Amino acid sequence: MSAPHLPKVAGIEPSLPSPTHAPAPHSPSAPPASEPSAAPGAAEEAAAPRAVRPVDQLAAAQDRLAGWISDLTTLHELTEHLTRTDSLDGALQELLRAGASLVGAQRGLIVLEPADGHGPDTTVGLGLGPADLGTIETIPRGAAFYGRLLDGLPEEGEGTARAEVAHPDLRNEPELDPRQREVAARLGYAASYAVPLATEDGGRLGAAVWLYDEPTEPVEHQRHLIGLYIRYATEHLARHLELARVRAVADTLREELLPSRLPRVPGVRLAVRHRTGPRGGGDWYDALPLPEGALGLAVGSVTGAGPSAVAAMGRLRASLRAYAVMEGEDPVAVLSDLELLLRLTEPARSATALFVYSEPARRQFVLAGAGHCPPLVIGERRTEFVETSLSAPLGMLSCWEAPSTDFDVAPGETLLLYSDGLLHRTGEPMDRAFARLHSAASSVPRAVRDDPDGIVDHVLRTVLPDGLDAVDDPEDVVLLAARFDQV
């Protein structure tokens, strides 16, 4: 019986010894069976070892096969966990945890510094606090720039068998930088194992290092497994890195298209909360001072998502500002001009908008809306929605025009403008979402009624108890509060 042939599985190279064959069958030249043997039982004793060898080989082969299956199962589970991460930071944390389990370490860190210099540059630790990471960063930097502790990692293709750096006994390495030995003693680690994070196309992304409490280093089997895992993990990190860069560019563009700060108008205090969905949406807000001490407040939303929606939002907001300065006393004229511009320049897109013209000193407020949710007045004696005329969104009619609405806001009351994303994120029908918003505004504690920041925070916490970041919701949220004091 010979040992079975084992296949190559997932890059794991089986290396079994050559099988030992059974003795050759009886030949004519062999002594006849009738001839007496040298000693009774000698043939059985000589044949016994040869009969056991195939069985031992089969057991060894089965053990190896079981070990390979166990390794494949472990790698599959770890890569599955990594695949489920939905952010760059989550992927870095998962890589650290998985790597620590594969190499048998207790702590570690990843230094992310892409070679193209476009960032983001960050350091993430496992079992290391901010102070510990700061201490590690005090180790003198050498020629490499992927992290001070990680200096000396070879580049891919330098002729090394494996791009890794192992320090099995940091305290007793004579050539080690004294500062690195001092930091190791202070933080209580005695050995380190570092590998670069690099992709075939994108080059070096950074490096990962795991720290041991006692002098040791990974065995060959552990190094093989971490190499297989890192090969997949770096490609996954590269995808998250590119997505993070795209989102950062979109966030920067969007923030530049929105007000950099809220204006200061006598008798009015303003506060705003704005959050954009993961794809980048077109919700916007504005607050601009107008001639003769007036104040214009606006919220709106354009259809679609992504860079095109963000660009359309910027154009729409800039146009509204221009129309508001020219004829802000007539909100209907402002939205009519906006409707005409949208219909001529972007006929395939629609938008909602709400514009309020206010003169705090004269207590005069005029509103016009196009398919947008009505604002909410919050005060000591009332919490109610402002009655507005029903109108279609901009771009939905050949010519938009709806009557304006005059309303009053007493001194000490707050006007709350918001986007429909706040209601949609509740996951409830619109009537119940409106009721939840009204209940949240009615329950504003007396201690924060004079503070617009406190009001918007309370409303957000009450309407969305799980917070804005609890789910990957595509809806944008805008909440703009204006508290009118006694002038």
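D116 and R245 pair up in a salt bridge, with their closest N and O atoms 2.9 Å apart. That link spans 129 residues: D116 sits in the loop between β1 (107-112) and β2 (122-126), while R245 belongs to helix α5 (residues 220-257). Keep in mind that this is a predicted model. The D116–R245 pair is one of 24 salt bridges in the structure.

**Salt bridges**

- The two partners of the opening pair differ in cover: D116 is partly exposed because its relative accessible area is 40%, whereas R245 comes in at 16% and so counts as buried.
- D408 and R382 also form a salt bridge, and here the closest N and O atoms are 3.8 Å apart.
- D408 is in the loop between β13 (405-407) and β14 (414-418) and R382 is in the loop between β11 (376-378) and β12 (383-385), so this bridge ties together parts 26 residues apart in sequence.
- With a relative accessible area of 48%, D408 is partly exposed.
- E428 bridges to R436, with 3.0 Å between the closest N and O atoms.
- Both ends of that bridge are partly exposed, E428 at 22% relative accessibility and R436 at 27%.
- There's a network too: salt bridges link R269, D450, R483 and D485.
- As background, side chains of opposite charge can pair when their charged atoms come close.

**A negative patch on the surface**

- E292, E329, D330 and E401 together form a negative surface patch.
- One of these, E329, lies in the loop that runs between α6 (307-327) and α7 (331-345).
- E329 has 58% relative accessibility, which means that this residue counts as exposed.

**A buried valine in α7**

- Helix α7 contains V334, and the relative accessible area of V334 is 0%, so this residue is buried.
- Setting aside neighbours within four places in sequence, V334 is in contact with L320, Y323, A324, E327, G328 and F355.
- Of those partners, F355 is 21 residues away from V334 in sequence, with a C-alpha to C-alpha distance of 8.1 Å.

**The whole protein**

- The fold has 10 helices and 15 strands.
- Out of 487 residues, 46% are buried.
- If you look at contacts between residues at least 6 apart in sequence, 66% of them join residues at least 24 apart.
- The accessible surface comes to about 24500 Å², and carbon and sulfur atoms account for 54% of that area.

Methods: Residues are numbered from 1 along each chain as its sequence is written. This is a predicted model: local features need pLDDT of at least 70, side-chain atom pairs count only at pLDDT 80 or more; totals for chains, interfaces and linings use all residues. Side-chain values use heavy atoms; hydrogens and water are left out. Patches are made of residues with over 30% relative accessible area and no salt bridge: like charges are joined within 9 Å, nonpolar side chains (Val, Leu, Ile, Met, Phe, Trp, Tyr) within 5 Å. Accessible areas come from the Shrake-Rupley method with a 1.4 Å probe; for residues, only the protein chains shown count as cover. A salt bridge is a side-chain nitrogen of Lys or Arg within 4 Å of a carboxyl oxygen of Asp or Glu. Lys and Arg count as positive and Asp and Glu as negative; His and the chain ends are not counted. The place of a charge is taken as NZ of Lys, CZ of Arg, CG of Asp or CD of Glu. Helices (H or I, at least four residues) and strands (E, at least two) are DSSP runs, numbered from the N terminus. Buried means under 20% relative accessible area, exposed over 50%, partly exposed in between (1.4 Å probe, protein chains only). Contact means heavy atoms within 4.5 Å.
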